[in-house]
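Here is a short briefing to read alongside your structure viewer. Take a look at the chain below before going on.

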Amino acid sequence: MPLSVTAAVLRPSIPALSLSSSHSSFLHLPIPSLPTISFSADAHALAFPCTTIRAMKSLQGRVVRDVNDKTVSVEVTRLVPHPKYKRRVRKKKKYQAHDPDNVFKVGDLVQLEKCRPISKTKTFLAVPVPVKAKAAKPKEEDSAAEGGGLDIPLESAALQ
């Protein structure tokens, strides 16, 4: 004898809650009145400016392998305290990074930016590290450094 189960048995009818009344049908408790909040487009734009949020810091390391097409292997070195001896120890880890134009060679310093997964092991994008500008020394200091800083010419220059 086959069993037939109807939808009414599986899903008994539940009376719809009416938010307009002051009492709910569940336990007959009064519904607290909620304040109405109205947002304007201008106020929302001012409250939440469009900024990029980076959840992860970017890593910095050296390229150790560039054989694969559009992929470089980057070794990131960090200093961590030893668990027992409390001395700072270098820890190294290799990451696969996306290099779309194959511009990086072995030994280049790159910055790794987190991005969407490109493959199973590749979730970083390799970006060149911005070079820090060195302070230019005035020529007076260069000539003073040659003479020992006493404005006296070197003996070899005086003999010639």
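What follows covers the overall make-up, the barrel and the core.

This is a predicted model, in which local features need pLDDT of at least 70, side-chain atom pairs count only at pLDDT 80 or more, and totals for chains, interfaces and linings use all residues. Residues are numbered from 1 along each chain as its sequence is written, and side-chain values use heavy atoms, with hydrogens and water left out.

**Overall make-up**
- The protein chain has four helices and five strands, taken as DSSP runs (H or I, at least four residues, for helices; E, at least two, for strands) numbered from the N terminus.
- Starting at the N terminus, the order of elements is α-α-β-β-β-β-β-α-α.
- Of the 160 residues in the protein chain, 14% are buried, meaning under 20% relative accessible area with a 1.4 Å probe, protein chains only.

**The barrel**
- The five strands close into a barrel in the order E1-E2-E3-E5-E4, with mixed pairing; two strands pair if DSSP finds at least two bridges between them.
- E2 and strand E3 (residues 88–98) run antiparallel and are joined by eleven bridges.
- Within E3, glutamine 96 is the bridge partner of serine 73.

**The core**
- The largest nonpolar core (buried Ala, Val, Leu, Ile, Met, Phe, Trp, Tyr and Cys residues joined through side-chain atoms within 4.5 Å) has ten residues, among them Val63, Phe104 and Phe124.
- Strands E2 (71–81), E4 (109–114) and E5 (122–128) each supply at least two residues of this core, and E2 gives the most, with three.
- Leaving aside residues up to four places away in sequence, valine 63 touches residues including Val72, Val74, Phe104 and Val110, where contact means heavy atoms within 4.5 Å.

Methods:
Buried means under 20% relative accessible area, exposed over 50%, partly exposed in between (1.4 Å probe, protein chains only).
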